[in-house]
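Here is a short briefing to read alongside the structure. Have the viewer open, and follow the topics in whichever order you like.

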Amino acid sequence: MTVRSGRPRRARPSGAGLGRRSLRVRLVLFVSVTLVAVCAAMAFSTVLVQRVYLLGDLDQRVTDAAERSQGGLQRRTGGATDLGFLNERGQPAGTLAARFAAGEIIAAEVVTEDGRQRVLTGAQRAALKGITADGSLHTRTVPGLGTYRVTALGGDGVPVLAGLPMADVQQVIDRLVAVEAVIAALGLATAACASAVVIRRQLRPLGRVAATAAEVARVPLDRGEVAVLARVAARDTDPGTEAGQVGVVLNQLIDHVESSLAERRRTEERMRRFLADASHELRTPLASIAGYAEYMNGGNRTIAPELAWRRVLAQSARMTGLVEDLLLLARLDEGRPLQRTEVNLATLVAEAVWDARAAGGEHDWRLALRLDGPVTVLGDASRLHQVVANLLANARVHTPAGTKVTVVVETLDAQETLEARETPSVAGPGPGTAAEKGPGTSGAARCVIRVRDDGPGIPPGLLPSIFERFTRADGSRSRTPGAEGGTGLGLAIAAALTQAHGGRIDVRSAPGRTEFSVTLPTAGRSAVPSSSQL
């Protein structure tokens, strides 16, 4: 049974070894190792070539020595063991010579440093055994004399063996290796230092980029007001370099973060304003209901109970309508699909105009159907009716009595739709983008509903936020005397419903002419697929 210690093991950090070193160190090490490998290969090749050359020269001198020895013996009259040719001029110190008889060495001598001849011992002769007189070259280590390069010649002449020491060749090779090692060490040290300096200088922009990223990372983005974030300097954003590319991307990321933070602030401001407006709108009917309830519980009644109950019901209906509008906007924000059926747009708009005429008889209501035939759209009939009704109610409430309100229904081909989009206007939040990106919008016929009035117009400062929630212009646009103020959700609901149908809503306003345009795809080309009811 294995008993485990209660002491926890320390986990080995990831990326151990060279992977944990900085990029600068890794680059210097890589360059240094590469230079070491290159220098080693060059040194080895140089030594090898030099050794082959020196051995070739030595072999030639050994062969020449053997030929001179053989020639000298032919001119001499000595016996079979005569090696007197070693006394001749031109024989360098260390020259070795031997005589053969029946394949055996019968005499062997070497030239000493003082120019005399010395007879080889038995052990030294034994090192020369096995060499045939065929002119081939051999390397033998002779005890007490060192390594020799030897050859034996026979043929028609007197068989003779000759050899020269390899000490000079080895000494040259050793000196060459030592010189190359010193030069390589100095060169590698110089190259490593130069590489370290160059790499450090080249990586300075990357260090500055990292410092900028660290500075941005220290900014608390989750709370408080965020000031302007730091940026990578222009000198470190050259797209022609790797560090510059990182700087460019980091600046783009910081721009994206700043824009996201700005959008978050705007969203929070809108949410706070939305909650404040919603609370205010709900507080008014609730205060009325509470006041009438307190009045009904009191003893002194100056208002008839039936009137008080009617006011309570009216305020309850107002609060219910506000809650339903907010719920509808919340559902639309969630992207819940609408019920899809074919809707005759001309009939729907005509019914909405009749309802508006009944509710606001003091206005001049007109309807113009510029259609070649029945036009149908795919959508939710009740929600489309709500869009038109909200636009008509906006015109009725915010214009004085006697204002002429004209409703036009027409179709546009692809070219007319494009020209209409290029005309300066204020679009609702999102529908224009949704219509442009929705399927079936390119080259498809579109149906347009225009609600136009000749009232005082919308103030220019209000146009950018006209489709936002709880937007009102009570102080700028006259209101019908005695009419109750709206909640400021009508146009926001119209814009959201238009977007949900894959359409676009726009407004153009000037004193004496205000026009809202709702553009919808015709049936069979809806930008949003059919689904369940909202």
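Helices here are DSSP runs of H or I with at least four residues, numbered from the N terminus. With that in hand, E180 can be placed in helix α3, which covers residues 167–202. Please keep in mind that this is a predicted model.

**The chain as a whole**
- The secondary structure consists of eleven helices and 14 strands.
- Of the 534 residues in the chain, 36% are buried.
- Among contacts with a separation of 6 or more, 67% are between residues 24 or more positions apart.
- The chain has an accessible surface of about 30,200 Å², and carbon and sulfur atoms contribute 56% of that.

**E180, a charge inside**
- Which residues does E180 touch, once neighbours within four places in sequence are left aside? Its contacts are then A43, T46 and V47.
- E180 is buried but forms no salt bridge.
- R51 is the nearest side chain of opposite charge to E180, at a distance of 13 Å.

**R24 and a positive patch**
- R24 is found in helix α1, which spans residues 23–75.
- Is R24 buried, partly exposed or exposed? R24 counts as partly exposed because its relative accessibility is 36%, and the partly exposed class lies between under 20% for buried and over 50% for exposed.
- Together with R200, R201 and R204, R24 forms a positive patch on the surface.

Technical notes: Residues numbered from 1 in each chain as written. Predicted model: local features only at pLDDT ≥ 70, side-chain atom pairs only at ≥ 80, totals over all residues. Heavy atoms only, no water. Patch = residues over 30% accessible without salt bridge, like charges linked within 9 Å, V, L, I, M, F, W, Y side chains within 5 Å. Areas by Shrake-Rupley, 256 points an atom, 1.4 Å probe, with all protein chains shown as cover. Salt bridge = Lys/Arg side-chain N within 4 Å of Asp/Glu carboxyl O. Lys, Arg positive; Asp, Glu negative; His and termini not counted. Charge placed at Lys NZ, Arg CZ, Asp CG, Glu CD. Helix = DSSP H or I, 4+ residues; strand = E, 2+ residues; numbered from the N terminus. Buried < 20%, exposed > 50% of the residue type's maximum accessible area, 1.4 Å probe, protein only. Contact = heavy atoms within 4.5 Å.
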